[in-house]
Amino acid sequence: MAKQNFKVEIGPAHLTRFERAKIIGSRALQLSLGAPAFVKVSKSIHDPILLATYELDKTSMPLTIRRMYPDGTSQNIPLSALM
């Protein structure tokens, strides 16, 4: 979905620093355990945190963020809509 077609109803219309940290940490763990990268990267990058940050900046990760209200109402937001 394109950003202009998706309406973010819960929270800010951008990725928060906490969501960013969680995505990078989770993806870095996956990469360190041998998961393939979503982007083509040179052989010189060996740090999974740098690679996860690079993937996030290129918006190549097919992820969805779930934001919730305290009453249990939630919204699933594609990562591409927050970048």
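A residue counts as buried here when its relative accessible area is under 20%, as exposed when that area is over 50%, and as partly exposed in between. With that yardstick in hand, a good place to start in this predicted model is a pair of charged side chains. Arg 67 and Glu 19 are both buried. For Arg 67 the relative accessible area is just 6%, which is under the 20% mark, so this arginine belongs with the buried residues. The two side chains form a salt bridge, and their closest N and O atoms sit 2.8 Å apart. Arg 67 comes from strand S1 and Glu 19 from helix H1, so the bridge joins parts of the chain that lie 48 residues from each other.

Now for the overall layout. The chain holds three helices and two strands, and reading from the N terminus they come in the order α-α-β-β-α. Laid along the principal axes, the C-alpha atoms take up a box of roughly 45 × 25 × 20 Å. The chain has 83 residues, and 31% of them count as buried. Its accessible surface adds up to about 5,800 Å², with carbon and sulfur atoms owning 58% of that. As for who touches whom, consider the contacts made at a separation of 6 or more: 55% of them are between residues 24 or more positions apart.

Back to the charged pairs. Searching the whole structure turns up three salt bridges, and the one between Arg 67 and Glu 19 has already been described. Another brings together the side chains of Asp 57 and Arg 20, at 3.3 Å from N to O. Asp 57 sits in helix H2, which covers residues 48-57, while Arg 20 sits in helix H1, so this pair ties together parts 37 residues apart in sequence. Neither end of this bridge is buried: Asp 57 has a relative accessible area of 47% and is partly exposed, and Arg 20, at 29%, is partly exposed too. Then there is Arg 27, which forms a salt bridge with Glu 55, the closest N and O atoms being 2.7 Å apart. Here again the arginine is in helix H1 and its partner is in helix H2, so parts of the chain 28 residues apart are tied together. In this case both Arg 27 and Glu 55 are buried.

Helix H2 deserves a closer look. Glu 55 shows up once more among the buried residues of H2, along with Leu 51, Ala 52, Thr 53 and Leu 56. What lies over them? The cover includes helix H1 and also helix H3, which spans 79-82. Tyr 54 is in H2 as well, but with 33% relative accessibility this tyrosine counts as partly exposed. Setting aside neighbours within four places in sequence, Tyr 54 is in contact with Val 39 and Lys 40. Tyr 54 and Ile 24 are 30 residues apart in sequence, and their C-alpha atoms are 9.4 Å apart in space. After H2 comes Thr 59, whose phi is positive, near 50 degrees.

Strand S1 offers a similar check on spacing. Arg 67, found in this strand, is ten residues along the chain from Ile 77, and the C-alpha atoms of the two are separated by 7.7 Å.

That leaves the empty space. Rolling a probe the size of a water molecule over the atoms shows where such space is left. In this model the largest pocket has a volume of about 220 Å³. Its lining is made up of 13 residues, and the closest to the pocket centre are Lys 22, Ile 23, Ser 26, Leu 63 and Ile 65. Which elements supply at least two residues each to this lining? Helix H1 (17-32) and strand S1 (64-68) do. H1 gives the most, with six residues. By chemical type, the lining splits into six nonpolar residues, three polar and four charged. Helix H1 thus keeps turning up: in the lining of the largest pocket, in the cover over the buried residues of H2, and in the salt bridge that Glu 19 makes with Arg 67 of strand S1.

Notes
Residues are numbered from 1 along each chain as its sequence is written. This is a predicted model: local features need pLDDT of at least 70, side-chain atom pairs count only at pLDDT 80 or more; totals for chains, interfaces and linings use all residues. Side-chain values use heavy atoms; hydrogens and water are left out. On a 1 Å grid over the protein atoms alone, a cavity is a set of points where a 1.4 Å probe fits but cannot get out, and a pocket is an open set with protein on both sides within 12 Å along at least five of seven lines; lining residues have an atom within 4 Å of a point. Grid points are joined across faces, edges and corners, and a volume is the space filled by probe spheres set on the points. Helices (H or I, at least four residues) and strands (E, at least two) are DSSP runs, numbered from the N terminus. Ala, Val, Leu, Ile, Met, Phe, Trp, Tyr, Cys and Pro count as nonpolar, Asp, Glu, Lys and Arg as charged, and the others, Gly among them, as polar. Buried means under 20% relative accessible area, exposed over 50%, partly exposed in between (1.4 Å probe, protein chains only). Contact means heavy atoms within 4.5 Å. Accessible areas come from the Shrake-Rupley method with a 1.4 Å probe; for residues, only the protein chains shown count as cover. A salt bridge is a side-chain nitrogen of Lys or Arg within 4 Å of a carboxyl oxygen of Asp or Glu.
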